[in-house]
Amino acid sequence: CEGLDGPPPVEVVAPPELMELDLQGPTYFSHVRETEEKSLEIARRLGIRALLLMPVASGGERFGILAAASRSRNEFAPQQVEFVRGICQAAGVALERLQAQHELRQTERRMRELADAIPQIVWSATPDGFIEHLNARSREYTGLDESTLRGWSWEQVIHPDDLAATRANWEQVLHTGEPQDNEFRIRRHD
């Protein structure tokens, strides 16, 4: 601590496990352990009196560091530390959610590629019966594009003699949620 006329002391507050990390990043406070004196000097020049570093993690993997600085206080109050910790935890949860959404999109893409690669007609529907996806074979066989067959428009390609029974069976499946076998003829584009 310098004399009364000098700059105020700087307190670096960080969880012990954070201090063991290689804190590379676009801040002046990279490598806190290795360059502590340089970081403290920069902090003093900026008028920073307290610095709080908190890891942002998701699934045990650290993605970065959140830094909070104060020019008005020599230390952070416990509720301020907890507030920053909460922000880091929320960021970690958001990162996990983004990763899960990315993985889901990748799985959906692979499933569509697989469905397009087989010679059978494959489709998927929402719980209310709305056809949301048809594979390439269904488009080739019927000669209609996916947007034409989506929703309940698929009825137009069912053979007229099979339509009533097919519709009744489909509505029963939707009502009960129980799978049923249903055979029907599909009109080919030619």
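At the very end of the chain, Asp190 and Arg188 bring their side chains together in a salt bridge, with N and O 3.2 Å apart. Asp190 counts as exposed, because its relative accessible area of 69% lies over the 50% cut-off. Arg188, at 40%, is partly exposed. The model here is a predicted one, and a search through the whole of it turns up seven salt bridges. As a rule, side chains of opposite charge can pair when their charged atoms come close.

Two more of these pairs are worth a look. Glu155 and Arg167 form a salt bridge whose closest N and O atoms sit 2.9 Å apart. This pair ties together distant parts of the chain, twelve residues apart: Glu155 belongs to the loop between helix H5 (146–149) and helix H6 (160–176), while Arg167 is in helix H6 itself. Arg167 has a relative accessible area of 30%, so it is partly exposed. Then there is Arg139, whose side chain meets that of Glu146 in a salt bridge at 3.5 Å, N to O. With 25% relative accessibility, Arg139 also falls in the partly exposed class, since buried would need a value under 20%.

Stepping back to the overall layout, the protein has six helices and five strands. Going along the sequence, they come in the order β-α-α-β-β-α-β-β-α-α-α. Of the 190 residues, 27% count as buried. The accessible surface adds up to about 12,900 Å², and carbon and sulfur atoms hold 52% of that. As for contacts between residues at least 6 apart in sequence, 41% of them join residues at least 24 apart.

Helix H3 takes up residues 78–117, and its length can be checked with simple arithmetic. At 1.5 Å a residue, its 40 residues should span 58 Å; the end C-alpha atoms are 58 Å apart, so the model agrees with the expected value. The buried residues of H3 are Val81, Val84, Cys88, Gly92 and Ala115. Part of what covers them comes from strands, including S2 (50–58) and S3 (61–70).

Those two strands also pair with each other. S2 and S3 run antiparallel and are joined by nine bridges. Across the pairing, Leu52 stands opposite Ala68 in S3. Between the strands, the hairpin has two residues, and Gly59 adopts a positive phi near 60°. More broadly, side chains in a regular strand alternate between the two faces of the sheet.

Notes
Residues numbered from 1 in each chain as written. Predicted model: local features only at pLDDT ≥ 70, side-chain atom pairs only at ≥ 80, totals over all residues. Heavy atoms only, no water. Helix = DSSP H or I, 4+ residues; strand = E, 2+ residues; numbered from the N terminus. Expected span 1.5 Å × (residues − 1). Buried < 20%, exposed > 50% of the residue type's maximum accessible area, 1.4 Å probe, protein only. Contact = heavy atoms within 4.5 Å. Areas by Shrake-Rupley, 256 points an atom, 1.4 Å probe, with all protein chains shown as cover. Pairing = 2+ DSSP bridges. Salt bridge = Lys/Arg side-chain N within 4 Å of Asp/Glu carboxyl O.
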